[in-house]
Amino acid sequence: MEGISYQRFPKVKIRELKDDYAKFELRDTDASMANALRRVMISEVPTIAIDLVEIEVNSSVLNDEFIAHRLGLIPLTSERAMSMRFSRDCDACDGDGQCEFCSVEFHLRAKCISDQTLDVTSKDLYSSDHTVVPVDFTDNAGYDSTEPRGIIIVKLRRGQELRLRAIARKGIGKDHAKWSPAATVTFMYEPEIHINEDLMESLTLEEKLSFVESSPTKVFDIDPNTQQVVVVDPEAYTYDDEVLKKAEAMGKPGLVEIYAKEDSFIFTVESTGAIKASQLVLNAIEILKQKLDAVRLSEDTVEADDQFGELGAHMQGG
């Protein structure tokens with residue numbers, strides 16, 4: 001129909017926000033947009049990760065490839081990743097991927113000189129850029145902050161040594177999981193729960209208790225004052241249909257009605273620590289906007305080709 005616009009204006013409401021965790025509502029949009037945002041957060045928001053390892057000395061029990069793989073999976077702080085160049089597109093080094101515009105250099109030198117086992121960790125990696133360093137999990141892990149800890153790379157015994165040079169580059173999770181900034185990203189439809197008060201009144205207190213307990217999660221409870229069944233946490237509902245089955249088994253179909261709001265979603269985002277959860281969401285929205293702009297531009301180009309197609313064919317003698 002001409003003149004009808006289906007444009008929507010999604011809204012975001014933050015519920016909980018930490019450095020590595022975010023929970024928010026996405027409203028006034030549909031599942032395609034919610035899932036696109038989820039997929040972009042997982043696989044298309046760029047971070048920095050070790051991509052090349054040159055090992056000078058390795059007398060540990062782990063072979064070179066094993067150590068290189070472990071180094072690649074160490075999350076690095078990646079606030080500047082969005083402004084960095086991809087190594088394949090860098091004209092400063094002709095795609096070599098070893099210049100200041102598209103890479104960061106790390107060095108590691110460790111040798112065990114005592115009878116006590118030496119833990120070589122991410123703390124032993126020295127970066128050429130102070131803004132790109134291994135993520136510090138000390139505060140989150142509940143360890144004593146005075147004790148230097150990191151992700152263990154290898155353990156050395158007396159006389160064993162490890163010396164290496166590593167190059168970290170910008171990448172996305174679609175190319176390799178080591179570049180994914182998200183530990184997990186999930187969303188669920190916001191549930192809408194309606195209790196049939198007339199049918200609920202016909203139940204005894206024992207039946208009400210049985211109904212409440214039939215839910216695996218604490219969605220319902222009984223008000224101690226009115227003895228009525230109330231919804232205490234609709235978002236705890238996991239769409240398991242257990243309460244609906246219980247209502248039918250009690251001979252009370254329609255006792256409760258549960259719908260999924262088609263335009264309202266609850267997101268849970270956990271970051272690996274490479275970037276903050278809030279920045280992960282913002283970067284994903286920016287990348288999604290760029291993709292939509294690219295689609296719009298391609299559609300305009302096709303439309304222009306159609307408009308001038310006859311003229312072009314005429315000029316070519318068609």
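Let me begin with a term: a residue counts as buried when its relative accessible area is under 20%, as exposed when that area is over 50%, and as partly exposed in between. Please keep in mind throughout that what we have in front of us is a predicted model.

With those cut-offs, we can look at one pair of charged residues, Arg15 and Glu25, whose side chains meet in a salt bridge with 2.5 Å from N to O. The two residues are 10 apart in the chain, with Glu25 sitting in strand β2 and Arg15 in strand β1, and so the pair links distant parts of the chain. Arg15 has a relative accessible area of 31%, which is why we call Arg15 partly exposed, whereas Glu25 counts as buried because its relative accessibility is 4%. Both belong to a network of salt bridges that also takes in Arg27, Glu190, Glu235 and Lys261.

Now to the sheet around this pair. It is an open sheet of 4 strands, in the order β1-β2-β12-β9, and the pairing is antiparallel. At its edges are β1, residues 11-17, and β9, residues 182-195, each of which pairs on one side only, and from one strand to the next the twist averages 30°. Inside the sheet, strand β2 (residues 21-27) and strand β12 (residues 256-271) are joined over 7 bridges, and here Phe24 stands opposite Phe267 of β12.

Going back to salt bridges, a search of the whole structure finds 22 of them, and I would like to show two others. In one, the side chains of Arg158 and Asp115 meet at 2.7 Å, N to O; because Arg158 lies in the loop between β7 and β8 while Asp115 lies in the loop between β4 and β5, this pair ties together parts that are 43 residues apart in sequence. Both Arg158 and Asp115 are exposed.

In the other, Asp293 and Arg296 have their closest N and O atoms 3.8 Å apart, and since they are 3 residues apart in helix α7 (residues 277-307), about one helical turn separates them. Asp293 itself is partly exposed, because its relative accessible area is 41%.

Let me finish with another helix, α1, which covers residues 31-43. How far apart should the ends of its 13 residues be, at 1.5 Å a residue? The expected span is 18 Å, and the end C-alpha atoms are 18 Å apart, so the two agree. Within α1, the buried residues include Ala34, Leu37, Val40, Met41 and Ser43.

Note on methods. Residues numbered from 1 in each chain as written. Predicted model: local features only at pLDDT ≥ 70, side-chain atom pairs only at ≥ 80, totals over all residues. Heavy atoms only, no water. Expected span 1.5 Å × (residues − 1). Buried < 20%, exposed > 50% of the residue type's maximum accessible area, 1.4 Å probe, protein only. Pairing = 2+ DSSP bridges. Axes fitted to C-alpha atoms, helices over the stretch in contact; angles between N-to-C directions. Salt bridge = Lys/Arg side-chain N within 4 Å of Asp/Glu carboxyl O.
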